[in-house]
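Reader: I'm new to this structure and don't want the grand tour just yet. Pick one small spot, take a close look at it with me, and then show me how the surroundings fit in.

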Amino acid sequence: MDVDEAMLAVLKKSPVFAGIDPAELPGLLRALGAYTRSFSKGEAVFHSGDKLKAVPVVLKGRTEARMLGKDGSRQIISRFEVGDSFAEAVPLAVGTAPVEAIALQDSVILFLPAEGLKGNGDGAQLRLYANVMGEMSKKVKTLTAKLALLSEPRLRKRIALYLRRLPEDKDGYVIIPYSRKALAEYLAVNDKALLRELRRMIEEGVLEGEGRRLKLTRRGDL
């Protein structure tokens, strides 16, 4: 495959290719049999249960991993930006996707064949394999945490669990990275019910702030 300057710029910043000499990347990708595919906005990159033989990396656009709840509702697991892999979706030992991935924008995805990653190669190939496994380990933890969140039946507790996982600023506030509608989808709840509960939590002193900037306090009973 051809590696142009735009692709090389993305790969150099991607944690999947950390520690690999950029000059080695074109040859490494060719040796692996890597390939790219383009997806239109709303198109499925893959579906839950698909047998996959390659690890995807976002070169352009934005994608989202989703699961369907028992009630048929869509549950956002994670979102992936340029340079991100969605390695938790492709366990190398199994090759079956536990989630579906959807292009949120017109996107280009680089696919790294799993067999090539697991083969005996040179230093760059071994480093790439180690990077992919490291990303997979981190993101499986993210998936596990999300499933734990969704297993909490109480909306207030679910909100608190989510907020406690976000990084705090020096004043203890967090910034929610989603719109209210997207947050409701992430938490797998009705957006109006989410708004009502957030208002109650603020009125009761459990939450402080407004908009996307919020702070959990020790006041109030969760």
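**A close look at A101**

Author: Leaving aside residues up to four places away in sequence, A101 touches E43, A44, V45, F46, E64, A65 and F86. Keep in mind that this is a predicted model. A101 belongs to strand β6, and its relative accessibility is 0%, so it counts as buried, the limit for that being under 20%. One of the contacts deserves a second glance: E64 is 37 residues away from A101 along the chain, yet their C-alpha atoms are separated by 5.4 Å.

Now for the strand itself. β6 covers residues 100-103 and runs antiparallel to β2, with two bridges joining them. A44 is one of the residues that A101 touches, but the bridge partner of A44 in β6 is I102.

Zoom out a little and you'll find an open sheet of four strands, in the order β2-β6-β4-β5, with antiparallel pairing. The edges are taken by β2 (44-46) and β5 (74-80); each has a single partner strand, so one side of each has no neighbour in the sheet. Neighbouring strands here are turned against each other by 35 degrees on average, ignoring direction.

How does that fit into the whole chain? The protein chain has seven helices and ten strands. Of its 222 residues, 45% are buried, and A101 is one of the buried ones. If you take the contacts with a separation of 6 or more, 68% of them are between residues 24 or more positions apart. The A101 and E64 pair, 37 residues apart, is a handy picture of such a separation.

On to the helices, with α5 as our base. Helix α5 (residues 155-164) is mostly covered, since seven of its ten residues come out as buried. Those seven are L155, R156, R158, I159, A160, Y162 and L163.

Part of the surroundings of α5 is α6: the two pack at an angle of about 105 degrees, with 11 Å between their axes. That angle falls in the range of 65 to 115 degrees, so α5 and α6 are roughly perpendicular. On the α5 side the contact uses R158, I159 and Y162, and on the α6 side L183, Y186 and L187.

Then there's α7, which packs with α5 at about 80 degrees, the axes being 10 Å apart. So α5 is roughly perpendicular to α7 as well. Here L155, R156 and I159 of α5 meet A193, L194, E197, L198, R200 and M201 of α7. Notice that I159 takes part in both of these helix contacts.

Between α6 (180-187) and α7 (191-203) there is a loop, and A188 is found in it. A188 has a positive phi of about 60 degrees, although it isn't a glycine. Its relative accessibility is 23%, so A188 counts as partly exposed, whereas A101 counts as buried.

Last, a few side chains with rings. There are four aromatic pairs in the model, and ring pairs link Y35, F39 and F111 into a cluster. Another ring has a charge for company: R213 lies over the face of Y173, 3.9 Å from the ring centre.

Note on methods: Residues are numbered from 1 along each chain as its sequence is written. This is a predicted model: local features need pLDDT of at least 70, side-chain atom pairs count only at pLDDT 80 or more; totals for chains, interfaces and linings use all residues. Side-chain values use heavy atoms; hydrogens and water are left out. Two strands pair if DSSP finds at least two bridges between them. Axes are lines fitted to C-alpha atoms, for helices over the stretch in contact, and angles run from 0 to 180 degrees between N-to-C directions. Rings of Phe, Tyr and Trp (its six-membered ring) pair if their centres lie within 6.5 Å; planes under 30 degrees apart count as stacked, over 60 as edge-to-face and the rest as tilted. A charge sits over a ring if NZ of Lys or CZ of Arg is within 6 Å of the ring centre and within 35 degrees of the ring normal. Buried means under 20% relative accessible area, exposed over 50%, partly exposed in between (1.4 Å probe, protein chains only). Contact means heavy atoms within 4.5 Å. Angles under 35 degrees count as roughly parallel, over 145 as roughly antiparallel, 65 to 115 as roughly perpendicular and the rest as oblique.
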